[in-house]
Structures are given as structure tokens and as C-alpha cells.
Amino acid sequence: MNDRRQSDRPRPMKPPNNEAGAPVSAEGAEGRSLTKENPQWQTSFWTQGQEELQRALLRVRQVAERDPKVQFTTLWHHVYKVDSLREAFFGLKRAAAPGVDRVTHADYEQDLEANLADLSSRLRRGAYRAKPVRRVYIAKADGRQRPLGITALEDKIVQSATVRVLNAIYEKDFLGFSYGFRPGRSPHDALDAVWVGLTQKKVNWVLDADIRGFFDTINHEWLMKFVGHRIADQRVHRHIKKWLNAGVLEDDEIRREEQGTPQGASISPLLANIYLHYALDLWAHDWRRRHASGDMIIVRYADDFVVGFQHRAEAERFLAELRTRLERFDLSLHPEKTRLIEFGRFASERRAERGLGKPETFDFLGFTHVCSTTRKGRFTVKRRTMRKRIRRKLAQVKIDLRRRMHDRVRDVGRWLGSVLTGHYGYYGVPLNYRCLAAVRDQLTRMWYWTLRRRSQRTRITWPRMHALAEKYLPRPQIRHPWPDQRLRVTIRGRSPVR
């Protein structure tokens, strides 16, 4: 386990996944508990106005926590304040692609205070108009194209400021097994929850589910109803509708979208979590409490979720009722990415008794989960990098190597080293060393053949190539501790399920 410096300020508690009285759950809260009345946001401020905003959001968070049914009627003034917009601006990526207005981060920063004052005035007077989203496409692992929306800079600023205010409310509402696009939560927190649930709970069946085209099929009418459960400020409602109805610019033509949220917009992840909170999470939590007689775990990251069951009959019933539940809200499960498989500590024995092969595997957040055993014969879950992720990474590096063929060797070596470092940073989990080593070996071979193509009189040999690899390409590193160790360190006590 790597020695990582922990922040002195504790992070907010997240609710675990089991009922009160049960042992610490697999999907338990990440983050240390807060000191009483201690806000979760920063305590160093640029201006007095920003300090006032932090205190105002703290009061909002406290009200949301105290009364889960209260509706907030005045929130918009927290959004259009210049201090809020300024903080949102500096939280954006400086190198992000521009939207339809072609205004970049650097362009807007040249006269920042005047621009923010003008934007604040338009937001206060109701003169702000959302711009269409510029649509581009990125390649998916299966060869298809994923639509991505690039929002105009001012829309990003306002959306980010709005998300910050709404997070003060919804972070008190969202359940513990929801991990996607939430402050203080990462994909590895969800992966830890899955691993601990599979190894420490009585899980024999796993439902690996994915909602088909989720971001493109969100029903606007249902979404606004869900937002209205907590937000009664009509100015917030109007602006969310503006972003949903702004349209998409594609091939110099603006098209109005009647459903869905643009992937890439700052507000989209929060709206997606709100939609699934009411359409899926609350129902699944209630289903587990009412119908599950054995252990049941749930881990959701955006529209991809894993549900573990002790009994097959309950798994099949949940899947059937889940399809009906999602259809009510114009959603459906992806037929190819949704599977109910036998998985767990007894899966190998039971399948062998029936004359079947090894237990099936499932993919989640870039890893293939495999039933395995330790050297002492105990059950464990081995996580390997998904093959299609490796193929996609190597294909992209191959293209970049061709483009950098005649760059200096040390520059290419440093770039490849950074690629491997980033790869280890995400995929460097226990029991995944072989996959990490395979990626490094493949990059070494690709670099070798690229160097040999630079000249017909090349002097690159394998001994020299191995020396270059030792100099520039870091060896595989396990960057993450065992999931149960990380949860044991970061969890103090237990908080009740909301």
C-alpha cells in the first residue's frame, strides 16, 4: 500500500449501503467525518463576497440535511453573484475547446471583471440567453461514434455556478451507492465498493446493467418534475429549460432536442444524477428493504451499475421489475450490456457440478472482474484491465508515435513515460500487474519499430531499445491499495442510510 498524504481536513461522510444494524457495508461512505458544523468547502477565500457565499451554501446544506422535503424558493441570487461566477470561471479547464461563440478561456480572461459583471447583470435582469451546443463525435471502443456537446464559455460558467449551489442540496439527498460525478467521489471508490461487496457479502449472482443511450433519452418533462421536488425557484427552472432547449449546432444547422442532455455540458452530470435518483436509486433502495431476504449490494456510477444478490430468484425478479420501472421514465436497459451471471465464492464449484466452465466475468469502469483465489485458497476478485481499453490505448499511441516519428528520442521517451504513468495511475490496482506489464511491453515494441523506420541505416537494436525503455518507460506500479484497506482507513464509524 502506497504511503499517501492525507488532508488534515476531513471529508464529508457518505451513507453506506445496508440497513441500520448491519455490519459496515461494501458501499460505505468514503471520506472522514466532518467536525461538527464544519463546512466541506475550502476555508481560504479570495474576497469577502466569496466567504459570504460559502457561508450561504453551508446554510443551504444544513437546511437540506435537516428537512429532506423542504423546497428551496430563492437560490438564483447565489448563482449570479460575481464572486460565484469568478470561482466557476477559474474552475474550468483552460485548454478546453471553444463552443459556438469561439470564445476561449484566455480571450474571456483578458477583461475578466468587466465580462463577469456584464454576465451577472444579464443573469439578474433575465436577459441571459443560452447558446446552442456545438456537437462533435469521438470514437467509441466498439467502433461507433459518441456524440459530445461543447458548450459556450459563458454557459459553462453559469452552469458550473449553478451546479455548485445545487450540490449543496442534492449531496444530502443522493444515496450512498451513487458514485458518478459527485464531489469527493471517484471511479475507484465505486470499484472498491464492488470488490468489498463481492468478497465480504453473500453474493452469488451479479446483474451488470447499463441504460441504453441514457444521456440522449432523458425525458425533459420528468426531469423538471424531479427537480421541482426540491427546487421551487422558478428562475432556476427557467435556466435549466434554456440549457435543455438551446439546441445543437451540427453541420451549420441548429436542431432543437426534445429529449436528452448534451454530454459535455457542466450541468448534465448533475441532471443525470437527479433523474436516476428518483427513477432508479430510491426505488432500488426501497426494493432491497422490502423484498430482499438475503444479501444485496448496489453500486451505480452514472448510467452503469452493478447489483449483487444472494438468491437467483430475487435477482430475476429485480431484473424484471427494473425493466418495468425504467420504461415508466422512457428508459431501457441495453440488451447487449445487461447480463445476469453467476458470480461469487461458490460460482466455480456450482458450475463444475453442472458440467459448465469457469464463471463468467463482467466489466465495470474499465476493469474486467474475475472470480479467483488467493495463494491460500481463499476467494477473491481479480480485476484486469479491459482488453478493449488496452487495444484502444495502444491504437491511439501508435497514431501519435507516427506523428512524433522524427522528434528527438528523449522527447518521445518522456511523452511515452507520461502516458504509462497516467495508465498506472488508474489501472494500477492489486492483481493487475500482468496487464500493466503487457502494456509497457507493447509500447516498447511500438517505439522500437517506429525508431527503425526513421532511417534505412538505423542503429537501433534490441539491447539499445531495452536501455531506452529502462531510462524513459517506468516499470509497472501498483498505485492503489487493497479496497478493504482503503475503506477501513477512510471510514470512521457508520452513518445511517437516508
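**Close-up 1. Histidine 423, a buried residue of helix H15.** In this predicted model, histidine 423 has a relative accessible area of 6% and is therefore buried, the cut-off being under 20%. Its place in the fold is helix H15, which spans residues 409-427. Setting aside neighbours within four places in sequence, you will find histidine 423 in contact with Thr385, Lys393, Gly428, Leu436 and Val439.

**Close-up 2. Helix H14 and its buried side.** Helix H14 runs over residues 387-403, 17 residues in total. From the first C-alpha to the last it reaches 25 Å, close to the 24 Å expected at 1.5 Å a residue. Five names are worth picking out here: Ile390, Leu394, Val397, Asp400 and Leu401 are buried in H14. Why do they sit on the same side of H14? They cover an arc of only 125° around the axis, and this puts them on one side of the helix. As a reminder, an α-helix has 3.6 residues a turn, so residues three or four places apart point the same way. On the other side of H14, look for Arg391 and Arg403, which are exposed. The cover over the buried residues of H14 includes strand E11, helix H15 and helix H16 (433-452).

**Close-up 3. The three-stranded sheet E9-E10-E11.** This open sheet has its three strands in the order E9-E10-E11, paired in the antiparallel sense. Strand E9 (362-364) and strand E11 (379-385) are the edge strands, each pairing on one side only. On average, neighbouring strands of the sheet are turned by 40° against each other, direction ignored. Zoom in on strand E10, residues 367-373, and you can follow its antiparallel pairing with E11 over seven bridges. One of the residues to look for is histidine 369, whose bridge partner in E11 is arginine 383.

**Close-up 4. Aromatic pairs, stacked and tilted.** How many aromatic pairs does a search of the whole structure find? The search finds 22. In one of them, the ring centres of tyrosine 170 and phenylalanine 174 are 5.7 Å apart and the planes lie at 20°, so this pair is stacked. Tyrosine 170 counts as buried, at 0% relative accessibility, and phenylalanine 174 counts as buried at 1%. The pair of tryptophan 283 and phenylalanine 318 is tilted, with 5.3 Å centre to centre and 35° between the planes. Tryptophan 283 belongs to helix H11 (residues 268-291) and phenylalanine 318 to helix H12 (residues 312-328), so their pairing ties together parts that are 35 residues apart in sequence. Both tryptophan 283 and phenylalanine 318 are buried.

**Close-up 5. A cluster of linked rings.** Which residues do ring pairs link into a cluster? They are Phe214, Phe215, Trp222, Phe226, Tyr275, Tyr278 and Phe329. If you would like to check the geometry yourself, a pair of aromatic rings is described by the distance of the centres and the angle of the planes.

**Close-up 6. Stepping back to the chain.** To place the views above, here is the wider setting. The chain has 18 helices and 11 strands. Of its 498 residues, 52% count as buried. Among contacts between residues at least 6 apart in sequence, 71% join residues at least 24 apart.

Definitions and conventions. Residues are numbered from 1 along each chain as its sequence is written. This is a predicted model: local features need pLDDT of at least 70, side-chain atom pairs count only at pLDDT 80 or more; totals for chains, interfaces and linings use all residues. Side-chain values use heavy atoms; hydrogens and water are left out. Two strands pair if DSSP finds at least two bridges between them. Helices (H or I, at least four residues) and strands (E, at least two) are DSSP runs, numbered from the N terminus. Axes are lines fitted to C-alpha atoms, for helices over the stretch in contact, and angles run from 0 to 180 degrees between N-to-C directions. The expected span of a helix is 1.5 Å times one less than its number of residues. Buried means under 20% relative accessible area, exposed over 50%, partly exposed in between (1.4 Å probe, protein chains only). The arc is that of the directions from the helix axis to the C-beta atoms. Contact means heavy atoms within 4.5 Å. Rings of Phe, Tyr and Trp (its six-membered ring) pair if their centres lie within 6.5 Å; planes under 30 degrees apart count as stacked, over 60 as edge-to-face and the rest as tilted.
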